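These are my notebook entries on a structure that I am reading for the first time. I begin at the ligand and then follow the chain outward.

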Amino acid sequence: MPGFEVFGAEERKQVNDVLETGILMRYGFDGMRNNHWKAKEFEAAFAKRMQVNHCQLVSSGTAALTVALASAGIGAGDEVIMPTFTFVASFESIMMLGAVPVLVDIDDTLTLDPVAVEAAITPRTRCIMPVHMCGSMADLKALKSICDKYNLILLEDACQALGGTYDGKPLGSYGDLGCFSFDFVKTITCGEGGAVISNFEQYMIHADQYQDHGHDHVGNDRGAETHPTLGYNFRISELNAAVGIAQLAKMDTILDIQKTNYTLMRNAIAGIPGVSFRRVPETGVENYSFLNFFMPSEEKAKKAHAALLEAGVDGSFYWYTNNWHYINGWEHLRNLKSLGRLPSEIKTQMQDLNNTDFSKSDHWMGRTISCLVKVGWTEEEVKQRAANMKAALEQVI
Ligand SMILES: *Cc1c(COP(=O)(O)O)cnc(C)c1O
């Protein structure tokens with residue numbers, strides 16, 4: 001996920017447009033901004049690329065999730081189904097609104113298991129939030145039919161899978177709402193930033209207002225605007241949006257290079273007995289930001305991770321114990337350690353995460369290794385890396 005690797009003159013030019021006027025804010029100051037509307041320009045270009053009617057830029061991917069949930073009317077006590085393997089932003093954004101995260105097992109897609117999702121539905125469930133981790137997607141068709149059956153909102157967290165597709169549609173555009181992050185390690189970056197996309201106009205009117213203190217954005221006198229509902233400040237700055245415009249223009253090149261490098265790495269290890277790959281749902285196309293595979297056992301996965309690092313294959317991850325992306329690592333969530341008092345809905349409705357059986361997730365995560373795919377490598381470097389991976393894994397198997 002390497003947008004930062006291609007930062008260059010184009011990004012600098014965009015930022016300089018903003019620096020020359022000094023108008024760092026996305027709203028107002030019409031006469032002084034020399035017609036630069038970077039956030040607006042990025043929103044239009046991103047909506048077009050994602051084949052949706054609306055895009056709302058915000059200050060981060062975490063903010064995008066919060067704004068998306070709020071836009072769909074999710075609030076205190078509403079249950080949102082999310083996976084055990086994800087980034088912490090999933091439960092942070094839910095709990096921010098007083099809503100209750102319901103953690104559910106993953107399967108060999110490394111994303112929500114539709115069977116486990118259906119079993120977790122209660123009368124309070126309002127939303128299913130699949131997270132397309134490490135470049136590939138959840139079984140969206142199955143999740144959509146569950147949403148239709150129970151009248152739930154489908155919110156895709158596509159922060160790690162920008163540019164992937166499902167059923168011919170860009171990831172993030174298949175559900176009711178989709179969210180992206182442009183933080184510094186994502187496929188394209190704004191430094192910090194995020195986006196919500198949707199085809200539903202009403203959600204996006206809410207998103208537009210909620211991310212800017214409830215402003216209705218009618219007319220061009222900010223001070224005179226009315227506020228139909230309460231909101232917050234999740235605005236992006238013009239400087240960050242400007243970087244994003246230049247990065248978006250490079251996105252398809254980034255995806256092409258990722259695919260080439262991923263394929264070399266995958267082909268090198270594909271024949272090793274006992275090594276198998278993460279399942280990509282039918283009609284899905286990855287964004288190739290990570291190569292994800294399973295070792296035959298937890299013990300061999302641990303050894304493989306150590307051997308890969310030993311062989312100089314940096315950017316290989318064993319999420320099960322070594323990182324902060326799996327429930328094992330979330331001691332603060334499991335024990336509800338908050339600075340202040342939590343909403344009573346969360347305290348009373350939350351699963352006892354220390355005593356919930358996630359052995360199905362453990363089964364997959366315990367054996368999963370993910371290798372980051374970068375775009376700055378030369379062909380020689382990728383081939384060497386692929387050969388090193390093969391040798392390291394063969395030695396463990
Ligand atoms: C990065 C990320 C986020 C949050 O994005 P930030 O911009 O860092 O707040 C949310 N979900 C997933 C899956 C991510 O990888």
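Entry 1, the ligand. I looked up the side chain of S181 and found one of its N or O atoms 2.7 Å from an oxygen atom of the ligand. I keep in mind throughout that this is a predicted model. Taken alone the ligand exposes 380 Å², and I noted that the protein buries 93% of that area. T62 also makes a polar approach, with a polar side-chain atom lying 2.5 Å from an oxygen atom of the ligand, while in D157 an N or O atom of the side chain is 2.8 Å from a nitrogen atom of the ligand.

I then asked which residues come nearest among the 14 around the ligand. They are G61, T62, S181, D183 and K186. Sorting the shell around the ligand by class, I wrote down five nonpolar, six polar and three charged residues.

Entry 2, strand 5. Since D157 had come up at the ligand, I turned to strand 5, residues 153-157, to see how it sits in the structure. Five of its five residues are buried, so strand 5 is largely enclosed by the rest of the structure. I checked the two faces separately: I153, L155 and D157 point one way, L154 and E156 point the other way, and all are buried.

Where does strand 5 find its partners? Strand 4, residues 125-128, runs parallel to strand 5 and is joined to it by two bridges, and I traced C127 to its bridge partner I153 in strand 5. Between these two strands the chain passes through helix 6, residues 140-150, and I recorded this β-α-β crossover as right-handed. Strand 8, residues 177-181, is likewise parallel to strand 5, with three bridges between them; here D157 stands opposite C179.

Entry 3, two residues next to this account. I looked up C179, whose place is in strand 8, and asked whether it is buried or exposed. C179 is buried, with a relative accessible area of 0%. Its C-alpha atom is separated by 9.6 Å from that of L162, a residue 17 positions away along the chain.

I did the same for I146, which lies in helix 6. With a relative accessible area of 6%, I146 falls under the 20% cut-off, and I therefore entered I146 as buried. I also compared its position with that of I397: the two residues are 251 apart along the chain, and their C-alpha atoms are separated by 40 Å.

Entry 4, the loop after strand 8. T189 is found in the loop between strand 8 and strand 9, the latter spanning 194-198. At 1% relative accessibility T189 counts as buried, although it belongs to a loop. Its side chain reaches the backbone oxygen of D183 at 2.9 Å, and D183 had already appeared among the residues that come nearest to the ligand.

Entry 5, strand 3. I next went to strand 3, residues 100-104, and found it mostly covered, since five of its five residues are buried. Both of its faces are covered, with V100, V102 and V104 buried on one side and P101 and L103 buried on the other. Strand 2, residues 79-83, pairs with strand 3 in the parallel sense over five bridges, and in this pairing V80 stands opposite P101. Together with helix 4, residues 89-96, these two strands make a right-handed β-α-β unit.

Entry 6, an antiparallel sheet. In what order do the four strands of the open sheet lie? The order is 10-12-14-13, and the pairing is antiparallel. Strand 10 (276-277) and strand 13 (316-317) are the edge strands, each pairing on one side only. I followed one pairing in detail: two bridges join strand 13 to strand 14, residues 368-372, and the bridge partner of S316 in strand 14 is C371.

Entry 7, a last loop. N287 has its place in the loop between strand 11 (284-285) and strand 12 (290-294). I noted N287 as buried, with a relative accessible area of 1%. Its C-alpha atom is 7.4 Å from that of K259, although the two residues are 28 apart in sequence.

Terms used
Residues are numbered from 1 along each chain as its sequence is written. This is a predicted model: local features need pLDDT of at least 70, side-chain atom pairs count only at pLDDT 80 or more; totals for chains, interfaces and linings use all residues. Side-chain values use heavy atoms; hydrogens and water are left out. A residue is near a molecule or strand if one of its heavy atoms lies within 4 Å of it. A polar contact is a pair of N or O atoms within 3.5 Å; within protein, one must be able to donate a hydrogen and the other to accept it, and residues adjacent in sequence count only if both atoms are side-chain atoms. Accessible areas come from the Shrake-Rupley method with a 1.4 Å probe; for residues, only the protein chains shown count as cover. Ala, Val, Leu, Ile, Met, Phe, Trp, Tyr, Cys and Pro count as nonpolar, Asp, Glu, Lys and Arg as charged, and the others, Gly among them, as polar. Buried means under 20% relative accessible area, exposed over 50%, partly exposed in between (1.4 Å probe, protein chains only). Two strands pair if DSSP finds at least two bridges between them. A crossover is right-handed if, with the strands pointing away from the viewer, the path from the first strand over the helix to the second runs clockwise.
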